[in-house]
Amino acid sequence: MTELITYRLSATGIWQYDFCRNGETIGNVSSVISTREPARIEGPEISWYSRFDLDTEIVPGVSRKIKDNRTGEEIYRIVWWRPNVYEVRTRERSIQAEIRNGSYLFGVPEMPVTAMTERCSGEPRLVRGMEAEMWFRTVLFEPVSDAYLMMALSFPALRFC
């Protein structure tokens, strides 16, 4: 079992989620607050981006694509099916992302979850000289690839409903 902490930081016009393992930053997702600027996801050997029009009508099947920054190829997409139920789809496989009791659960339906992210509360924390508005604890219940890890860690920032 592996545990990671995500801190949400923001300043005028920008937001960022920093992903930390044992106190060291291993990646982040960030964006300028704008309808035209993409969110950027960075991590070990990973440089992705995602654009999403905030005026998009959220109906079953609407999706958000996450693409490789170097090639422009789609890495995966987040598909909204109903409140609190999403699908994360790649060319090879599909998993479910469900929000239940304030936690994000990732895995195949009817099987044990592979990862869980929960929102933590308490006193604000100081991270790199900025106050973290909130933080999340992610627990991985089995070994996963770096791509799966970055998907799970960035999901709270990229989900669109």
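**Exercise 1. Decide whether Phe106 is buried or exposed, and list what surrounds Phe106.**

Step 1. Start with accessibility. Phe106 has a relative accessible area of 0%. Buried means under 20% relative accessible area, exposed over 50%, and partly exposed in between, with a 1.4 Å probe and protein chains only. Phe106 is therefore buried.

Step 2. Note the source. The model is predicted: local features need pLDDT of at least 70, side-chain atom pairs count only at pLDDT 80 or more, and totals for chains, interfaces and linings use all residues. Residues are numbered from 1 along each chain as its sequence is written, and side-chain values use heavy atoms, with hydrogens and water left out.

Step 3. Place the residue. Phe106 is in strand S10. Helices (H or I, at least four residues) and strands (E, at least two) are DSSP runs, numbered from the N terminus.

Step 4. List the contacts. Contact means heavy atoms within 4.5 Å. Leaving aside neighbours within four places in sequence, Phe106 is in contact with Ile95, Gln96, Ala97, Val113, Thr114, Ala115, Thr117, Tyr148, Met151, Ala152 and Phe155.

Step 5. Compare sequence and space. Phe106 and Tyr148 are 42 residues apart in sequence. Their C-alpha atoms are 9.9 Å apart.

**Exercise 2. Find which residues of the largest nonpolar core touch the most other members.**

Step 1. Fix the term. A nonpolar core is a set of buried Ala, Val, Leu, Ile, Met, Phe, Trp, Tyr and Cys residues joined through side-chain atoms within 4.5 Å.

Step 2. Read off the members. The largest core has 37 residues. Val29, Tyr76, Ile78, Phe106, Met151, Phe155 and Leu158 touch the most other members. Helix H1 (residues 146-158) gives the most to this core, with nine residues.

Step 3. Look at one member. Not counting residues up to four places away in sequence, Met151 touches Trp48, Tyr76, Val88, Ile95 and Phe106. Another core, of seven residues, lies apart from the largest one; among its members are Ile5, Cys20, Val127 and Trp135.

Step 4. Recall the general trend. In soluble globular proteins, nonpolar side chains tend to be buried together.

**Exercise 3. Describe the surroundings of Tyr86.**

Step 1. Tyr86 is in strand S8 (residues 85-89). Tyr86 counts as buried because its relative accessibility is 1%.

Step 2. Beyond four places in sequence, Tyr86 touches twelve residues' worth of neighbours, including Ile78, Trp80, Ile95, Phe155 and Cys161.

Step 3. Tyr86 and Gly27 are 59 residues apart in sequence and 23 Å apart in space, C-alpha to C-alpha.

**Exercise 4. State the volume and lining of the largest pocket and of the second largest pocket.**

Step 1. Fix the terms. On a 1 Å grid over the protein atoms alone, a pocket is an open set of points where a 1.4 Å probe fits, with protein on both sides within 12 Å along at least five of seven lines; lining residues have an atom within 4 Å of a point. Grid points are joined across faces, edges and corners, and a volume is the space filled by probe spheres set on the points.

Step 2. Take the largest pocket. Its volume is about 380 Å³. Its lining has 21 residues, and Trp15, Leu54, Arg64, Ala157 and Arg159 lie nearest its centre. H1 gives the largest share of this lining, three residues.

Step 3. Sort that lining by class. It holds 13 nonpolar, four polar and four charged residues. Ala, Val, Leu, Ile, Met, Phe, Trp, Tyr, Cys and Pro count as nonpolar, Asp, Glu, Lys and Arg as charged, and the others, Gly among them, as polar.

Step 4. Take the second largest pocket. Its volume is about 310 Å³. It is lined by 16 residues, with Thr90, Arg93, Ser145, Ala147 and Tyr148 nearest its centre. By class, the lining has ten nonpolar, three polar and three charged residues.

**Exercise 5. Identify the phi values of Asn84 and Glu110, and place both residues.**

Step 1. Asn84 has a positive phi of about 70° although it is not a glycine. Asn84 lies in the loop between S7 and S8, and counts as partly exposed at 38% relative accessibility.

Step 2. Glu110 has a positive phi near 70° and is not a glycine either. Glu110 lies in the loop between S10 and strand S11 (115-120), and counts as exposed at 81% relative accessibility.
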